[in-house]
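User: I'm new to this one. Could you take a close look at its pockets and tell me what lines them?

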Amino acid sequence: MLLGLWLASNVKGVRAVMVAGSTALLALSVYLTYIFLADRAAGVEGEMLYTASFDWFAPLHIKYSVGVDGISVAMLLLSSVIVFTGTFASWQLKPLTKEYFLWFTLLSLGVFGFFISVDMFAMFMFYEIALIPMYLLIGVWGSGRKEYAAMKLTLMLMGGSAFLMCGIFGIFYGAGGQTMNIVEIANHTGGAHAIPFAQQCLWFPLTFIGFGVLGALFPFHTWSPDGHASAPTAVSMLHAGVLMKLGGYGCFRIAMYLMPEAANELGWIFLILTGISVVYGAFSACVQTDLKYINAYSSVSHCGLVLFAILMLNETSCTGAVLQMLSHGLMTALFFALIGMIYGRTHTRDIRELDGLMRIMPFLSCGYIIAGLANLGLPGFSGFIAEMTIFVGSFQNADTFHRVLTIAACTSIVITAVYILRVVGKILYGTCKNEHHLQLTDATWDERFSVICLILAVAALGMAPLWVSNMISTGVEPIVNHIHAATVTVSSCNPFL
């Protein structure tokens, strides 16, 4: 796809390449999901399927190792849907259309490579590939304080990467310095190459914070609202819909899986921080007046739920965390697509300057209502399934500490309803007082297609979640069992256990 874009000589050619490439990507992801489910149903064993590996840098035992389980298949499917719909959401983008889609494709390449990597260094490399294009995509094609937002995002995420690199090499040498393969290191935990507990307590916080910065972990979340607010529509869709999921995925796949003893002992600290993210993000969304900032702080809250559920350390909550990644990815992509379309017509995102849009843009308004209902957890949509699974799983922890935090996190549902209904009532209903807005048109065909695809995906996940949940469980179960099997060889430092 990158080569095709490079060779394209005009805007029509660029669009044709993007449509063909994103369609093929979506078709391949659907096919991968189908054969994965079929092979699992047929009893094919193995923690990772369809693996491949070859030496990349032998002195450090770095290999290009790839493979998928139920979690990564779900993330690949989500990513392909967002890339596909983001292509149509960017249909009218100008100027420098070719250059924009080149960087957008490179960002997508990093995301897909990250989710299929089994080697820690390869995963880190794709992580960096996914981050670097964000600077230009926001700084060149963004809006508002785009240079400031691009610089802030890049510096904070690069700071997280520094923590992450230290954590990865700490894990590598702590595990014996013989392999960077995630599955191989995990299988040795408890054996001759187990990472000593003292080292786990050092590398676990670094790794969790490194990935947590991208997952909007409090107090490292401040880059997220500015980045979302300034990014162009499709970049906001991919950024919030997929890129932030790299944080939760990495925390679960590396920090929790490879350092289970430290996760058991130190997890309570990050559980408090993620609980703050959930409630603080929801309250912050209530006081915003910019549509993108409202959705950005909403993303802080919902991505906080992902990390919150992972740290609960049981299969139900962790399955809910992955469902939340899928659900939030689709919902927030839908929100940002609609906000971008409204902004492109009204040239404002300030809810104080918007009213009566239902009569002027009925399609976009109805789409916004559907996105809002899904976001506040209406049964029948993906948000309900994901959040209920998280809260039910979290409440399975019988101790007071975990249950109090779970109840506190549940308040975010009510707060979410407040800001969603407030915005819907303010911008969609009533009488339009701006004469310029009365002349505006509704969504074009490409915008309608993008919105309809995302709405169908949100509804499909909400009404038929079982097959997705079962697929995810095949990847979650061995990781959670591995964490539970870990035994702490030193006295407990968790005051709540």
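Analyst: Here is a walk through the two pockets, followed by a helix that helps line one of them and a single serine.

First, a bit of housekeeping. This is a predicted model, where local features need pLDDT of at least 70 and side-chain atom pairs count only at pLDDT 80 or more, while totals for chains, interfaces and linings use all residues. Residues are numbered from 1 along each chain as its sequence is written, and side-chain values use heavy atoms, with hydrogens and water left out.

Let's start with the largest pocket, which has a volume of about 560 Å³. On a 1 Å grid over the protein atoms alone, a pocket is an open set of points where a 1.4 Å probe fits, with protein on both sides within 12 Å along at least five of seven lines; lining residues have an atom within 4 Å of a point. Grid points are joined across faces, edges and corners, and the volume is the space filled by probe spheres set on them. There are 28 lining residues here, and Leu93, Pro232, Thr233, Gly340 and Gly344 are the closest to the centre. Helix 5 (120-141), helix 10 (233-243), helix 14 (315-346) and helix 19 (445-463) each give two or more residues to this lining; helices are DSSP runs of H or I, at least four residues, numbered from the N terminus. Helix 14 gives the most, with seven residues. By class, the lining has 13 nonpolar, nine polar and six charged residues. Nonpolar covers Ala, Val, Leu, Ile, Met, Phe, Trp, Tyr, Cys and Pro, charged covers Asp, Glu, Lys and Arg, and the others, Gly among them, count as polar.

Now for the second largest pocket, at about 380 Å³. Its lining has 18 residues, with Leu77, Val81, Leu330, Ala457 and Trp467 nearest the centre. That lining is made up of 17 nonpolar residues, one polar and no charged. Helix 3 (70-89) is among the helices supplying at least two residues, alongside helix 2, helix 14, helix 19 and helix 20 (466-485), and helix 3 has the largest share, six residues.

Helix 2 deserves its own look. Its buried residues (under 20% relative accessible area, 1.4 Å probe, protein chains only) include Val14, Arg15, Leu32 and Phe36. After helix 2 comes Gly43, with a positive phi near 90°.

Last, there's Ser298 in helix 13 (residues 291-310). Ser298 is buried, at 2% relative accessible area. Beyond neighbours within four places in sequence, Ser298 is in contact (heavy atoms within 4.5 Å) with Gly281, Ala285, Asn375 and Tyr419.

Definitions and conventions. Buried means under 20% relative accessible area, exposed over 50%, partly exposed in between (1.4 Å probe, protein chains only).
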